[in-house]
Amino acid sequence: MQSVMLKAKLHQARVTHAVLNYEGSCAIDGDLLDMAGIREFEQIQIYNIDNGERFTTYAIRGEEGSRIISVNGAAAHKASVGDKIIICAYAVYDDAELASFKPRMIYMTADNDVSHTSNAIPVQMA
């Protein structure tokens with residue numbers, strides 16, 4: 001059996017650019033892509049914490065070390081510079097892979113520096 005699982009997450013990244021007149025995509029600092037294990041042209045989901053928008057696009061490689069998060073094309077209507085977003089990538093895993101599966105979660109500061117990483121989400125308390 002196969003399951004679609006969260007592969008990687010950049011949590012509370014800040015939008016640095018919103019470029020309407022650009023081929024659609026989301027440019028992400030290459031260092032962050034590598035850390036998260038997200039490939040260039042991989043489908044990603046973006047969840048805008050500030051306005052509630054949720055949309056699908058694909059990742060393109062931004063300049064390493066730039067901390068760029070640029071929401072481009074039509075998606076630029078859904079995010080503004082300074083918005084906090086969550087960027088997620090999902091993948092299909094079979095039961096054998098799930099035995100040792102751990103997602104890569106990268107937690108960001110307001111400047112798009114990495115505050116910490118994790119492979120688990122804490123249990124939510126009632």
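**Figure 1. Contacts that reach across the sequence.** In this predicted model, 77% of the contacts in the chain with a separation of 6 or more are made by residues 24 or more positions apart. As you look at the fold, try picking out pairs of residues that sit in separate parts of the sequence. One such pair is I85 and I46: they are 39 residues apart along the chain, and their C-alpha atoms are separated by 6.6 Å.

**Figure 2. The order of helices and strands.** How many helices and strands can you find in the chain? There are two helices and nine strands. Following the sequence from its start, you meet them in the pattern β-β-β-α-β-β-β-β-α-β-β. The chain has a radius of gyration of 14 Å, close to the 14 Å given by the globule rule for 126 residues, so it is as compact as a globular protein of that length. Its C-alpha trace spans about 45 × 30 × 30 Å along the principal axes.

**Figure 3. Surface, interior and charge.** Of the 126 residues in the chain, 41% count as buried. The accessible surface comes to about 7100 Å², and carbon and sulfur atoms account for 50% of that area. Look for the charged side chains too: 11 are positive and 16 are negative, and the centres of the two sets lie 5 Å apart.

**Figure 4. The annotated binding site.** Which residues does the UniProt annotation "binding site" cover? According to this unreviewed entry, they are T57, G73, A74 and A75. These residues span 19 residues in sequence, yet no two of their C-alpha atoms are more than 9.8 Å apart, so they gather at one spot.

**Figure 5. A74 and A75 in one loop.** A74 lies in the loop between strand 6 (69-72) and strand 7 (84-94), and A75 lies in the loop between strand 6 and strand 7 as well. Is A74 buried or exposed? Its relative accessibility is 60%, so A74 counts as exposed, since the cut-off is over 50%. A75 has a relative accessibility of 10%, so A75 counts as buried, the limit being under 20%.

**Figure 6. I85 and its surroundings.** I85 is found in strand 7. With a relative accessibility of 0%, I85 counts as buried. What does I85 touch, leaving aside residues up to four places away in sequence? Its contacts include L10, H11, Q12, A13 and V15, along with I46, Y47, N48, I49 and I69. Find I46 among these partners, and you are back at the pair from the opening view, with C-alpha atoms separated by 6.6 Å.

Terms used
Residues numbered from 1 in each chain as written. Predicted model: local features only at pLDDT ≥ 70, side-chain atom pairs only at ≥ 80, totals over all residues. Heavy atoms only, no water. Helix = DSSP H or I, 4+ residues; strand = E, 2+ residues; numbered from the N terminus. Rg over C-alpha atoms; globule rule 2.2 N^0.38 Å. Buried < 20%, exposed > 50% of the residue type's maximum accessible area, 1.4 Å probe, protein only. Contact = heavy atoms within 4.5 Å. Areas by Shrake-Rupley, 256 points an atom, 1.4 Å probe, with all protein chains shown as cover. Lys, Arg positive; Asp, Glu negative; His and termini not counted. Charge placed at Lys NZ, Arg CZ, Asp CG, Glu CD. UniProt positions renumbered as here; feature names shortened; annotations may be inferred.
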